[in-house]
Structures are given as C-alpha cells and as structure tokens.
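I wanted to go through the cysteines and the strands around them, one item at a time. These are my notes, in the order I looked things up.

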Amino acid sequence: MRILYLLFAVVLLLFQAAPGSADLTFADTAECRSQGNFCRAGACPPTFAATGSCHGGLLKCCSKILAE
C-alpha cells in the first residue's frame, strides 16, 4: 500500500510542468506562435493550412485560412 503513495507522488511531479513551456526554445516555434498560429505533429485541421515548420522542422505551423 505504501508503494501507491510513492507512485502517486511521482506522477504528480511528472505532470507539474506547464504543457508547452519548453517549446519556445526553437526559433521557428517562437516565430509561429508570435504570429498567432500553432504547431501540430500531424496534418493541420481542415480550416487551417501549413505555413511553416516548428520544433526544428519536426512539426507543422498551422495558420487559419482566411476567406476571400
């Protein structure tokens, strides 16, 4: 039973950091986010287009497609 308390403490420590807090170390990620876009591992959603790369070229920078 004591192992469950230890396991719970370890899980809490693992999820303590804010998600995405380390992404801005890449220049392309910072540029993508500064323009109001977001990074995604797979294809961009249907109303978005891939306009660049993020995380050193591993992710796609997705931006909203503007209606004309």
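Before starting, I fixed one term: a polar contact is a pair of N or O atoms within 3.5 Å, and within protein one of them must be able to donate a hydrogen and the other to accept it. I also noted that this is a predicted model.

**Entry 1. Thr29 and His55**

I applied that term to Thr29, which sits in helix 2. A polar atom of the Thr29 side chain lies 2.7 Å from the backbone nitrogen of His55. I then checked whether Thr29 is buried or exposed. Thr29 has a relative accessible area of 1%, so I entered Thr29 as buried. His55 belongs to the hairpin of strand 2 and strand 3, where 4 residues lie between the strands. In that hairpin I read a positive phi near 55° for His55.

**Entry 2. Disulfide count**

How many disulfides are there? I count a disulfide when two cysteine sulfur atoms are within 2.5 Å, and by this rule I get 3 disulfides. Numbering the bonded cysteines along the chain, I wrote the pattern down as 1-5, 2-4, 3-6.

**Entry 3. Cys32 and Cys61**

I found the sulfur atoms of Cys32 and Cys61 2.0 Å apart, in a disulfide. The torsion about this S-S bond is 90°, and the link is right-handed. The two cysteines come from distant parts of the chain, with Cys32 in helix 2 (residues 27-34) and Cys61 in strand 3 (residues 59-64), 29 residues apart. I looked up accessibility for each partner. Cys32 is at 3% relative accessibility and therefore counts as buried. Cys61 has a relative accessible area of 4%, so Cys61 is buried.

**Entry 4. Cys39 and Cys54**

Next I took the disulfide of Cys39 and Cys54, with an S to S distance of 2.2 Å. Which hand does the link of Cys39 and Cys54 have? I called the disulfide left-handed because the torsion about its S-S bond is about -75°. This pair also links distant parts of the chain: Cys39 is in strand 1 (residues 38-40) and Cys54 is in strand 2 (residues 48-54), 15 residues apart. I have both Cys39 and Cys54 down as buried.

**Entry 5. Cys44 and Cys62**

I then looked at Cys44, which a disulfide joins to Cys62 at 2.0 Å, S to S. I noted -85° about the S-S bond and a left-handed link. Cys44 lies in the loop between strand 1 and strand 2, while Cys62 is in strand 3, so the disulfide ties together parts 18 residues apart in sequence. My cut-off for buried is under 20% relative accessible area. Cys44, at 17% relative accessibility, therefore counts as buried. Cys62 is buried as well, with a relative accessible area of 0%.

**Entry 6. Strand pairing**

Last, I went through the strands. Strand 1 pairs with strand 3 in the antiparallel sense, over 3 bridges. What stands opposite Cys39 in strand 3? I found Cys61 there, although the disulfide of Cys39 goes to Cys54. Strand 2 and strand 3 also run antiparallel, and I noted 6 bridges joining them. For Cys54, I found that the bridge partner in strand 3 is Leu59.

For strand 3 I kept one general point in mind: side chains in a regular strand alternate between the two faces of the sheet. Cys61 and Cys62 have separate disulfide partners in my notes, Cys32 for Cys61 and Cys44 for Cys62.

Note on methods
Residues numbered from 1 in each chain as written. Predicted model: local features only at pLDDT ≥ 70, side-chain atom pairs only at ≥ 80, totals over all residues. Heavy atoms only, no water. Buried < 20%, exposed > 50% of the residue type's maximum accessible area, 1.4 Å probe, protein only. Pairing = 2+ DSSP bridges.
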